[in-house]
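I opened this notebook page to look up where empty space is left in one protein model, and which residues border it.

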Amino acid sequence: MHIIICVLLTLFVSSLISCQEAVEHTAPAIRDRDSASVMTTLGVNTLISDSGVIKYRIVTERWDVNEIKHPSRWTFDKGLFLEQFDENFHIQAYIQCDTAYYYDQLHLWELRSRVRVLTKDGLRFSSQQLYWDEQKHELYSYTFSRLVTPERTLQGSFFRSDERMTHYIVTNSRGSFQSSDFGGGSTEGSDSAKAAQDSMLMHQRPKAMPVRNPNQ
């Protein structure tokens, strides 16, 4: 009797298992390929040479290359630091920021958050955002920016300059200036000084071209 009961239980369990449909546990297909990168490099600290002479250093914790996003881009979401050297390996200039994007098809850099620039002429630039258009050889920013030179300090809500930051425009600006900048008179705090300042800066680039904002 004990053996018969065991056989019946075995047959009953087997019949239950055979009646159940097989279930496949599979993950859904990945259709959004925007998250797929062709290259991700961590801990980058490399020197770049030009004509056999070391001229640049690039330092970043993470470098991600994505050719699927529109527009395609390189992403430096852990910060970016670039240095430029002279022939004696002395630092001439640097650029640093918390986040950077390079739109390779547009040849456009976008630097975000705590952007700092030092040029070989001693000009210091700081802002929360800066664009660098390699095709037009221009730098520009739509956010509040601050420029400090050995002679003066400028602040404004719009900035545009050439790549070397030797000719630039600052609008809605304020700051301190030398009297020689205006041909005499007060250099701080007056509306006439501010108007003269804006006029002087705008005439450095009389034919400014419209700039492209990739976020629009």
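The entries below take the largest pocket and then the largest cavity.

Entry 1. I note at the outset that I am working with a predicted model. I looked up the largest pocket and found that about 920 Å³ of space lies in it, with 35 residues making up its lining. Nearest the centre of this pocket I recorded Tyr56, Gln84, Ala93, Ile95 and Trp132.

Entry 2. I then asked which elements give two or more residues to the lining of the largest pocket. My list reads strand 1 (39–50), strand 2 (53–66), strand 3 (73–76), strand 4 (80–85), strand 5 (91–97), strand 7 (108–118) and strand 8 (124–133). The largest share of that lining comes from strand 2, which supplies six residues.

Entry 3. Sorting the lining of the largest pocket by class, I wrote down 20 nonpolar residues, five polar ones and 10 charged ones.

Entry 4. Turning to enclosed space, I found that the structure holds one cavity of 30 Å³ or more, and the space in the largest cavity comes to about 30 Å³. Which residues line the largest cavity? I noted Leu80, Leu82, Ile95, Trp109, Leu111 and Trp132, and by class the lining has six nonpolar residues, with no polar and no charged ones. At least two residues of this lining are supplied by strand 4, and at least two by strand 7.

Entry 5. Reading the two lists side by side, I marked Ile95 and Trp132, which lie among the residues nearest the centre of the largest pocket and also line the largest cavity.

Conventions
Residues numbered from 1 in each chain as written. Predicted model: local features only at pLDDT ≥ 70, side-chain atom pairs only at ≥ 80, totals over all residues. Heavy atoms only, no water. 1 Å grid on protein atoms, 1.4 Å probe; cavity = no way out; pocket = protein on both sides within 12 Å on 5 of 7 lines; lining within 4 Å. Points joined across faces, edges and corners; volume = space filled by probe spheres on them. Helix = DSSP H or I, 4+ residues; strand = E, 2+ residues; numbered from the N terminus. Nonpolar A, V, L, I, M, F, W, Y, C, P; charged D, E, K, R; others polar.
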